[in-house]
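Here's a quick walk through one model, a few local features at a time. Have the viewer open as you read.

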Amino acid sequence: MSRRNISKKRFPEADSTYNSYLVSLLIQRILKSGKKTVAENIVNAAFEIIKAKTKEDPLVVFEKAIKNASPVVEVKARRIGGSTYQVPVEVSAFRATNLSLRWIIQYSRQRVGRTMAIKLASEIIDTSNDIGHTIKKKEETHRMAEANKAFAHFRY
């Protein structure tokens, strides 16, 4: 890692179908072995399923799910005087979005279902309704930060 300058974050372009930056981030996270068209097909199929099930715009449901799953605080390990403390730290907006996307995809892969599109659609719908594994993960993260509030003065 270079000590001279901080590398700039490279953001992917907006998705061609929905013209959304969040959808392109989702496609990037689903991507396996560089097969982008497969990932795009999965996301598009999942959005069609969301549209059929909820009778709403899938982009609105997806954005609501991301907002619901985004954590406000998380804990980071900080080593002080030979012992490691779990220090609660506020999460930036970009990292919160990344975490929520990561959790949605992780828990949709663990779901029981026929195709990835069905599993992803179900997880997005559940997350937008404030239920499911992704929301539990967010609440667990918040609980950890709340439990370790006493170490907040060790913040960086």
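What follows looks at a helix, some aromatic rings and a hairpin, all in a predicted model.

## Helix α3

Let's start with α3, which runs over residues 58-69. Its twelve residues reach 16 Å from the first C-alpha to the last, close to the 16 Å expected at 1.5 Å a residue.

Plenty of α3 is tucked away: Pro58, Leu59, Val61, Phe62, Ala65, Ile66, Asn68 and Ala69 are buried. And what covers them? The cover over these buried residues includes α1 (21-30), α2 (36-54), α4 (93-110), α5 (116-128) and α6 (133-147).

## Aromatic rings

The model has five aromatic pairs. Take Phe11 and Phe94: their ring centres sit 5.5 Å apart with the planes at 80°, so this pair is edge-to-face, the cut-off being over 60. The pair ties together distant parts of the chain, with Phe11 in the segment before α1 and Phe94 in helix α4, 83 residues apart.

Buried or exposed, then, for these two rings? Phe11 is partly exposed, at a relative accessible area of 49%, and Phe94 is also partly exposed, at 29%. Tyr21 joins in too, as Phe11, Tyr21 and Phe94 form one aromatic cluster.

## The β1-β2 hairpin

Strands β1 (residues 73-80) and β2 (residues 83-90) pair up antiparallel, over eight bridges. To pick out a contact point along the way, Val75 has Pro88 in β2 as its bridge partner.

The hairpin has two residues between the strands. Look there for Gly81, which takes a positive phi near 55°.

Conventions
Residues numbered from 1 in each chain as written. Predicted model: local features only at pLDDT ≥ 70, side-chain atom pairs only at ≥ 80, totals over all residues. Heavy atoms only, no water. Helix = DSSP H or I, 4+ residues; strand = E, 2+ residues; numbered from the N terminus. Expected span 1.5 Å × (residues − 1). Buried < 20%, exposed > 50% of the residue type's maximum accessible area, 1.4 Å probe, protein only. Contact = heavy atoms within 4.5 Å. Phe/Tyr/Trp six-rings, centres within 6.5 Å; stacked < 30°, edge-to-face > 60°. Pairing = 2+ DSSP bridges.
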